[in-house]
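Student: Could you show me how to read strands, crossovers and cores in a model like this one? I would like to go through it step by step.

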Amino acid sequence: MKILLMGHPNVGKSVFFNRLTGAKVFESNYPGTTVDFTKGWMRFGGEDVELIDVPGAFSLEPKDRAEEVAVKMLEENRDSVVICVLDASKVERGLYLALEIIERGYPVVVALNMWDVAEDKNIRIDVEKLERILGVPVVPTIAISGEGFKELVSKIKEAAPVKIEKIIENAGGVESAAVSG
Amino acid sequence: MEKKLSEMDFDEEGTVKEIEETLRKQVAGMGIREGKNIRMATKQPIKGPVVVEVDESLTSLGLGVAEKIVVEVG
Amino acid sequence: MPLSVDERWNLIEKISKQTVEFGARKHTLKDAIAELTVKPLTGIPVAIAVLYGIWSFFVDFAGTLFTDGFMVRLFDEHWLPFLQNAFHNNLDNWAYRLFIDAGHIENGVLVASDNCLEAFGVLTSGFFVPFGVVLWAVLAFYLMFALLEDVGYLPRLAVLVDTVLHKIGLHGYAIVPTFLSLGCNVPGVTATRALETRKQRFLMITLLSVFVPCGAQIGIMQDLVPELMGWIFLTLAIGYLGFGFILNKIVPGKSPEIIMDVPPYRMPMMKNIVSKLWVRTSRFLLVAVPFVLLGCLIVGLMYLTGAMDWLATVLGPFLMSWFGVPEETVSPLIAGFLRKDLAVGMLGGLMEQGIMTTFQVFTSVVLLCIYFPCLATFALMLKEENWKEFLGSIASLVAMVLVYGGLIHLVGIMLEVA
């Protein structure tokens, strides 16, 4: 098993990565296209698991090289758990990426990072409800202070693939292909 | 009134009406989608890129990209 | 089953309505600054101020404080005399001349050098160039770069320069490889991987390797010819944009437009900056130091065996007639294949002997910047580009050097300074 760290650029993913891994960190080049990415090991369930910091991406429909690499890395590690790091103050945009990853059948843990920034902006998120609708663990985190990390790590084992139809059902159905006003 | 995003004035607001098919998937992840409120934050001179605001996020688009988005303005 | 874009967004809106509550939105000062720094009317002056600030820091911190204030004294007043005394100023011994002091001819007599630029030994210049001058310049530069990167200023700079860079077939995003190259061309060329099309990468790599001097070179140029720096940068910038414009017309391929997130500003984290600084600087030293030492050794050997004099005689007439620089510049040009900083240092030695006019110094410094990427960059280009692109880069490089070098000479003649 591997753990992939995915998320938008500039959501504090590298700080996240440094918190989860020990001192052993390797910067590598992705063969072929070669955008830099980092990998390291984290203690999980009594063993060392490989953690890969995937280049930042807004969606799995690549619009630049870094996103191309992100998609390829995801496809090459079918047996991975994905920690999807979202900016809690821009949760909708983040959910777009999270849903894309869930749709592809990966077990996902959602980290609502920069929780403090969201609070400052008067944005309140009902974490339990979000967890119920998505059917995956959702954990508020503050990477720079380390808040929420223990809970995040403990919830990795709860991550399991979820059918998107199930999420649609939980959310109360969706008119397909209609443009919302 | 409908116009292209590239033709919007500085600080003008509108609603995204239509995005060219090839572009739609590329900007969807950044929150730019049909039905969304969009504001022209800056326009760079001599055919430079524009910067738009959607959901409190700033995104920069080349002028040619902005031409492929139609906006309804009040 | 994957959803369509619209289905996915509909679902998100549905989820968000049930789980997210957006309170009253207040515009903060940070929001205002975030926008003001990307608007042309306010953003461009800010960008100029930021760049000027970086330059001042670079000059004051690296140049004045560390190099002039400390390192020059350490090397010229202690290290060099110490070695000269320890080995009895033995200018007749080839090993002494190779490793400590090559000496130079004054009034027909071989005399000892009095500074570490002229001495040109492996143990003197070979250590003075990387540790006395270049390390501080590169450190100062990478510190500034990491700060701009972590604060979130770079995307704004990218938007502001996209207007110009798109006209030469690049993105505003090309500011990142360009900027990094001002530290060292090697990570700069690596950073071109983030550019989208092969055409953009080719343009960028070619322009970087020719027109963007590295921090090592800038540091030592600033040390030697501070009064010419403005002209040198102007000449290089004109070359970068001018030849970029031409290459964009010639090279086939696409130059897609920019689609880029402009993130909010953030407080930089000390730990992040320190670790970036450490990684980048140590990588730089690993690349640079062996090449500088090797360069000293090779150039020293070429002098001792007479190969350098022979080359100077052969190439001298061409250099003089086409570029208007004296045959003595052959040796820095040879050293420049290995390390540009070392080569500029050698030019400094020539200047102190007073055999060049100011315009010749200017031309030689510019020539050194553009005539060939250093060996490390060259090797990386081989790795990053396919054969066709690599040959294309080399061909454009030769053409640009001949045309631009000749043009500078021509302008000099017309202005009657050459």
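Tutor: We will go from strands to the core and then to one helix, bearing in mind that this is a predicted model.

Student: Happy to start with strands. How many residues of strand β5 of chain A are buried?

Tutor: For burial, we count neighbours: a residue is buried if 20 or more other C-beta atoms lie within 10 Å of its own. In β5(A), residues 81-87, seven of seven residues are buried.

Student: Which residues point each way from β5(A)?

Tutor: Val81(A), Ile83(A), Val85(A) and Asp87(A) point one way, while Val82(A), Cys84(A) and Leu86(A) point the other way. Both sets are buried.

Student: Next, pairing. In what sense does β5(A) pair with strand β1 of chain A, and over how many bridges?

Tutor: Look at the direction, then at the partners. β1(A), residues 2-7, and β5(A) are parallel, with five bridges; Leu5(A) has Ile83(A) as its bridge partner. β5(A) also pairs in the parallel sense with β6(A), residues 108-113, over six bridges. There, Asp87(A) is opposite Asn113(A).

Student: Is the crossover from β5(A) to β6(A) right-handed or left-handed?

Tutor: Follow the path from strand to helix to strand. The chain leaves β5(A), passes through α3(A) and arrives at β6(A), a β-α-β crossover that is right-handed.

Student: Why is β6(A) largely enclosed by the rest of the structure?

Tutor: Because six of its six residues are buried. Val108(A), Val110(A) and Leu112(A) point one way from β6(A), and Val109(A), Ala111(A) and Asn113(A) the other. β6(A) also runs parallel to strand β8 of chain A, residues 138-140, through three bridges, where Val110(A) has Val138(A) as its partner.

Student: Now the core. Which residues have the most contacts inside the largest nonpolar core?

Tutor: Start from the residues with the most contacts and work outwards. This core has 186 residues, and Cys84(A), Val110(A) and Ala137(C) have the most contacts inside it. Helix α6 of chain C, residues 125-151, gives the most to the core, with 15 residues.

Student: What is Ala137(C) in contact with, beyond its neighbours within four places in sequence?

Tutor: Its contacts are Phe58(C), Ala62(C), Gly215(C), Ala216(C), Ile218(C) and Gly219(C).

Student: Last, a helix. What do the buried residues of α1(B) pack against?

Tutor: First find the buried residues, then their partners. In α1(B), residues 21-28, they are Gln26(B), Val27(B) and Ala28(B). They pack against α3 of chain A, β2 of chain B, and both α1 and β4 of chain C.

Definitions and conventions. Residues are numbered from 1 along each chain as its sequence is written. Chains are lettered from A and ligands numbered from 1 in the order in which they are written. This is a predicted model: local features need pLDDT of at least 70, side-chain atom pairs count only at pLDDT 80 or more; totals for chains, interfaces and linings use all residues. A residue is buried if 20 or more other C-beta atoms lie within 10 Å of its own, exposed if 12 or fewer, and partly exposed in between; C-beta atoms are placed from the backbone. Helices (H or I, at least four residues) and strands (E, at least two) are DSSP runs, numbered from the N terminus. Two residues are in contact if their C-beta atoms, placed from the backbone, lie within 7 Å. A nonpolar core is a set of buried Ala, Val, Leu, Ile, Met, Phe, Trp, Tyr and Cys residues joined through C-beta atoms within 7 Å. Two strands pair if DSSP finds at least two bridges between them. A crossover is right-handed if, with the strands pointing away from the viewer, the path from the first strand over the helix to the second runs clockwise.
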